[in-house]
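Work through these short exercises with the model in view. Try each task before you read its solution.

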Amino acid sequence: RLNAAQVAISNTLADAEIQSLVAAYGYPAARMNEGKSLYETALRAVNAQTAATGAQRQATAQMEGATKSAQATDQALAKVARAVFVDQPARLTALHLSGSMPRAIGPFLATGYALFDNALAVAEIKAALGNYGYDQARLQAERTKIAALDVANQAQEAAKGAAQQATQEQEATMTALDTWLVQYIKIARVALAGKKQLLEKLGVPARTRKPS
C-alpha cells in the first residue's frame, strides 16, 4: 500500500506531462504534495509501529525470563520455610505461605514481596532461616529477583500500550492515505485516458476491453 502510493505520487511529481494533465482535473503540484505529505506521515507511522512491536516483543521476552527467575527463587524459599516452620502455622501465615503460589503476576508479586520482606523483618524467622542457607545477604539478594519481575512487568505493560497506540496511529494514517490515493487514481484514469504508458508509470494497469 505504501509502495503503490509512493509510485503514483512520486512519478506524477517527476513527470511534467502527467503533472500537466492531472492538474487540469484538480490535482496541481500543491495537491499532489498533500498526498506526498500523507504518504510520509503514513511511512513514519508504519516504521514507528514496527519499532513499537519489536520493543513489545523484547519486553515480553524479558518478562518471561524475569518470571521464571522470580518464581524459582520464591518457590525455593517457600519450600525451605515450610520445612523449617512445619509446626508453626503462625510463621507460615506471616510469610504468606498459607496457600499455593499465585499464578497471576499481581498477586504473585504481592506474596513474593511479603515472603522476603517478612523473612528479613521478623528476627526469629530470619534467624531460623539463616540456619538453612538463607542469611540476610541471601534474602536481600534474592528479593531483587522479585523486584526485577516487578520492573519487567511494568515495562511490558508500557510497551504493550505503546504498541497499541502505534498500531492505531498506523491504521489512521494508512486509511487517510488509501482514501486519498483511491480518489486520485480514479481522476488520473480520466486525465490520462488513452495514454497507457503514463498510467503504467503511476502503477496503474491500463484497462483493456474484452472483444465482444
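**Exercise 1.** How many Å apart are the mean positions of the positive and negative charges of the protein chain?

*Solution.* Note that this is a predicted model. Start with the counts: the protein chain has 23 positive and 17 negative charges. Next, take the mean position of each set. The two mean positions are 10 Å apart.

**Exercise 2.** Describe the secondary structure, then decide: is the protein chain a compact globule or more spread out?

*Solution.* Count the elements. There are eight helices and zero strands. In sequence order, the pattern reads α-α-α-α-α-α-α-α. Now compare two values. The globule rule gives 17 Å for 212 residues, but the radius of gyration is 32 Å, well over that value, so the protein chain is more spread out than a compact globule. Then look at the spans. Along its principal axes, the C-alpha trace covers about 95 × 40 × 20 Å.

**Exercise 3.** What share of the residues of the protein chain counts as buried, and what area does the chain expose?

*Solution.* Take burial: 36% of the 212 residues count as buried. Take the surface: about 12000 Å² is exposed. Carbon and sulfur atoms supply 54% of that area.

**Exercise 4.** Place Gln19. Is Gln19 buried or exposed?

*Solution.* Locate the residue: Gln19 sits in helix H2, which covers residues 16–23. Apply the cut-off: buried means under 20% relative accessible area. Gln19 has 13% relative accessibility, so Gln19 counts as buried. List its neighbours. Leaving out residues up to four places away in sequence, Gln19 touches Thr12, Leu13, Tyr27, Pro28, Ala29 and Met32. Finish with the side chain: one of its polar atoms lies 3.0 Å from the backbone oxygen of Tyr27.

Terms used:
Residues numbered from 1 in each chain as written. Predicted model: local features only at pLDDT ≥ 70, side-chain atom pairs only at ≥ 80, totals over all residues. Heavy atoms only, no water. Helix = DSSP H or I, 4+ residues; strand = E, 2+ residues; numbered from the N terminus. Rg over C-alpha atoms; globule rule 2.2 N^0.38 Å. Buried < 20%, exposed > 50% of the residue type's maximum accessible area, 1.4 Å probe, protein only. Areas by Shrake-Rupley, 256 points an atom, 1.4 Å probe, with all protein chains shown as cover. Lys, Arg positive; Asp, Glu negative; His and termini not counted. Charge placed at Lys NZ, Arg CZ, Asp CG, Glu CD. Polar contact = N/O pair within 3.5 Å; in protein donor to acceptor, adjacent residues only side chain to side chain. Contact = heavy atoms within 4.5 Å.
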